[in-house]
Amino acid sequence: MAHLHITSWVIALVLVGLATTFTRGGREKAAKISHMILRLFYLLILYSGGSLFASYESYGALIIIKVLVGLWAITAMEMVTIKYKKKKPAALWWGQLVVAAIAAIILGFGFLGAGVLPA
Ligand code: HEM
């Protein structure tokens with residue numbers, strides 16, 4: 001499940017890059033398709049993250065924060081993509097995406113123990 005989780009958010013981040021690059025290049029259709037696939041990957045992230053969460057026996061503060069930060073990162077991915085689509089400034093959401101993604105990665109790999117790296 002950790003592998004599905006990691007693969008899903010890596011691909012999702014790539015898709016955010018693709019969708020925004022396509023939008024910038026005026027390739028609306030390619031951007032739309034990338035965005036639709038991106039939304040499928042949110043579901044995979046949520047499913048795999050939810051399964052990892054369910055595998056815990058007790059819930060401390062860190063794992064709760066990890067889940068919230070993960071949800072924040074997904075929100076930021078969606079908002080960045082939508083801001084590009086609407087030709088609105090996206091810098092604030094890019095900033096949040098960077099912060100949330102880095103925080104989720106540090107918490108996931110660094111501090112929590114259910115996955116592929118020994119904590
Ligand atoms: C872009 C968003 C996300 C990123 C970058 C991210 C990143 C990570 C990373 C790096 C890990 C450690 C993998 C491992 O265990 O080896 C992890 C684990 C986990 N993630 Fe996420 N995640 C994201 C979204 C989410 C969401 C939305 C949820 C909840 C629904 C979630 C729940 C979890 C849980 C419960 C774990 C297990 C923690 C552990 O290792 O014990 N994640 N995540």
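Gly108 sits in helix α4, which covers residues 91-111. Welcome to a predicted model, where local features need pLDDT of at least 70, side-chain atom pairs count only at pLDDT 80 or more, and totals for chains, interfaces and linings use all residues. Residues are numbered from 1 along each chain as its sequence is written, and side-chain values use heavy atoms, with hydrogens and water left out.

**Overall fold**
- The protein has four helices and zero strands, where helices (H or I, at least four residues) and strands (E, at least two) are DSSP runs numbered from the N terminus.
- Read from the N terminus, the order of elements is α-α-α-α.
- The radius of gyration, taken over C-alpha atoms, is 15 Å, which agrees with the value near 14 Å for a compact globule of 119 residues; that rule is 2.2 Å times the number of residues to the power 0.38.
- The C-alpha trace spans about 50 × 25 × 20 Å along its principal axes.

**Burial and Gly108**
- Of the 119 residues, 35% are buried (under 20% relative accessible area; exposed is over 50%, partly exposed in between, with a 1.4 Å probe and protein chains only).
- Gly108 counts as partly exposed because its relative accessibility is 28%.
- Between Gly108 and Val67 there are 9.5 Å from C-alpha to C-alpha, and they stand 41 residues apart in sequence.

**Lys85 and its surroundings**
- Lys85 belongs to helix α3, residues 61-85, and is partly exposed at 44% relative accessible area.
- On the surface, Lys85 joins Lys32, Lys86 and Lys88 in a patch of positive charge (residues with over 30% relative accessible area and no salt bridge, like charges joined within 9 Å).
- A salt bridge here is a side-chain nitrogen of Lys or Arg within 4 Å of a carboxyl oxygen of Asp or Glu.

Key
Patches are made of residues with over 30% relative accessible area and no salt bridge: like charges are joined within 9 Å, nonpolar side chains (Val, Leu, Ile, Met, Phe, Trp, Tyr) within 5 Å. Accessible areas come from the Shrake-Rupley method with a 1.4 Å probe; for residues, only the protein chains shown count as cover. Lys and Arg count as positive and Asp and Glu as negative; His and the chain ends are not counted. The place of a charge is taken as NZ of Lys, CZ of Arg, CG of Asp or CD of Glu.
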